[in-house]
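User: Please walk me through this model, starting with its aromatic rings and then its pockets and cysteines.

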Amino acid sequence: MVRDIGTEALARLAGERVDHRFKGLPPDADGLTVTELAAQRRNLFTDGFTTPVLALSAERLDHNLRLMETYAARHGLAFAPHGKTSMAPQLFHRQLAHGAWGITLAVPHQVRVAREFGIERVFLANELVDPAALKWISSQLDTDDDFRFICYVDSVRGVELMDAALRGAARPLDVVVELAAGEGARTGVRTEAECAAVADAVAAVGTLRLVGVAGYEGEVPEADPERVHAWLRRLTALAVDFDKDGRFEAVDEIVVSAGGSAWFDAVADVFAELPELSLPALKLLRSGAYVSHDDGHYREITPFTRVPEEGALEPAFRLWAQIVSRPSPEQAFANAGKRDAAYDLDLPLAQVVRRDGTERPATGVEVTGLSDQHAWLRTAPDADLEVGHWIGMGLSHPCTSFDKWQLIPVAEADGTVVDYIRTFF
């Protein structure tokens, strides 16, 4: 069974030996298995961890998983969180345990990771035209009746390439027509007439099966609530029209999918308006950044700022570094840089300073730049910051935070490390 394969693969992760590959871990832990190190419940601050070190909050991670499970259930949404955020199979399985339908991914390598860890349902939010990848996906479908795979199509040419690669497959590959978010947006079919042409092309081949429609509202030009709602209604109208045209006769449910991390409240609103179709609708939300949330970009754009009565996500990441230089009263340097911290959307945010076992707010400290291995800090005259102090920083953009760390400690509020999350980028 695939589920048994996933359990065995997770067990192999737990048995992996700790060594030089993993940044920030205690040097004297070399040779221990991950399970053995976790069982020691070492303290992040006093038991040998070296800086820089990225940590996930155990409590906040659990809170975020529970919140989105509740949100999806409350709004009648199936949930396939985007796994490219963390590429952490342990988190994939926790998301599934919290009610996720499956995992969304973006590229074939990510699907291979998911399959290695027993993920049975994958939504690929991309058109897949690579012949080698298509043949591998097809082999997975042919040998595992429990595997469900859905991907975008957004062109007649794409359908032709997919068909050429899949001829001879025992099972057709399920596809959804991707509706673009507007002119100048990223991928997707620009007009409803072109969507129909792509659907016709799918119907004309035996290797593909049309199961629904999808898109990404985060690419709506000059996005605001009115524009996003309007585009989502185009998407649901496309599903209705395709259904009326009899395009879903070969399936047992119709997939309608959208949902990044900025507008899932709009997705919930519009998907609730979807009229009854000839078959049950799988209303599939795909938000991914929620799992760790952040202290920057997603803190600002999360829909929970618009619907506070629904709850609030909590930033779960904190990057700890050490002050290694204090050349002047106005300047300091910490030993974490671009190799350690996300910086594509916002610079890290100085939050707390730790010394002598106590933490205090990082008053008067601002991160102004990053070198490869240094954070540039501007300090106010009254900033109490010295060489050797630890500084805790919040990060922006989870997707480029996870990918800089292969093994991430999960720490409780008092610093006790209770688990380690393995990533695969």
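User: Which residues form one aromatic cluster with W320 and W390?

Analyst: This is a predicted model, where local features need pLDDT of at least 70, side-chain atom pairs count only at pLDDT 80 or more, and totals for chains, interfaces and linings use all residues. Residues are numbered from 1 along each chain as its sequence is written, and side-chain values use heavy atoms, without hydrogens and water. Rings of Phe, Tyr and Trp (its six-membered ring) pair if their centres lie within 6.5 Å; planes under 30 degrees apart are stacked, over 60 edge-to-face, the rest tilted. The residue that joins W320 and W390 in one cluster is F45.

User: How many aromatic pairs are there by this rule, and what class is the pair of F123 and Y152?

Analyst: The count comes to 13 aromatic pairs. The F123 and Y152 ring centres are 5.9 Å apart and the planes stand at 85°, so this pair is edge-to-face.

User: Which strands hold F123 and Y152?

Analyst: Strands are DSSP runs of E, at least two residues, and helices are runs of H or I, at least four, numbered from the N terminus. The two residues are 29 apart in the chain and link distant parts of it. F123 lies in β4 and Y152 in β5.

User: Is F123 buried or exposed?

Analyst: Buried means under 20% relative accessible area, exposed over 50%, partly exposed in between (1.4 Å probe, protein chains only). F123 has 0% relative accessibility, so it counts as buried.

User: What is the volume of the largest pocket?

Analyst: A pocket is an open set of points on a 1 Å grid over the protein atoms alone, where a 1.4 Å probe fits, with protein on both sides within 12 Å along at least five of seven lines; lining residues have an atom within 4 Å of a point. Grid points are joined across faces, edges and corners, and volume is the space filled by probe spheres set on the points. For the largest pocket it is about 570 Å³.

User: Which element gives the largest share of the lining of the largest pocket?

Analyst: The lining has 32 residues, with H82, K84, R186, Y216 and G260 closest to the centre. Both β4 and α11 supply at least two lining residues. The largest share, three residues, comes from α11.

User: How many disulfides does the search find?

Analyst: A disulfide is a pair of cysteine sulfur atoms within 2.5 Å. The sulfur of C151 is 15 Å from the closest cysteine sulfur, in C195, too far for a bond. Across the whole structure, the number of disulfides is zero.
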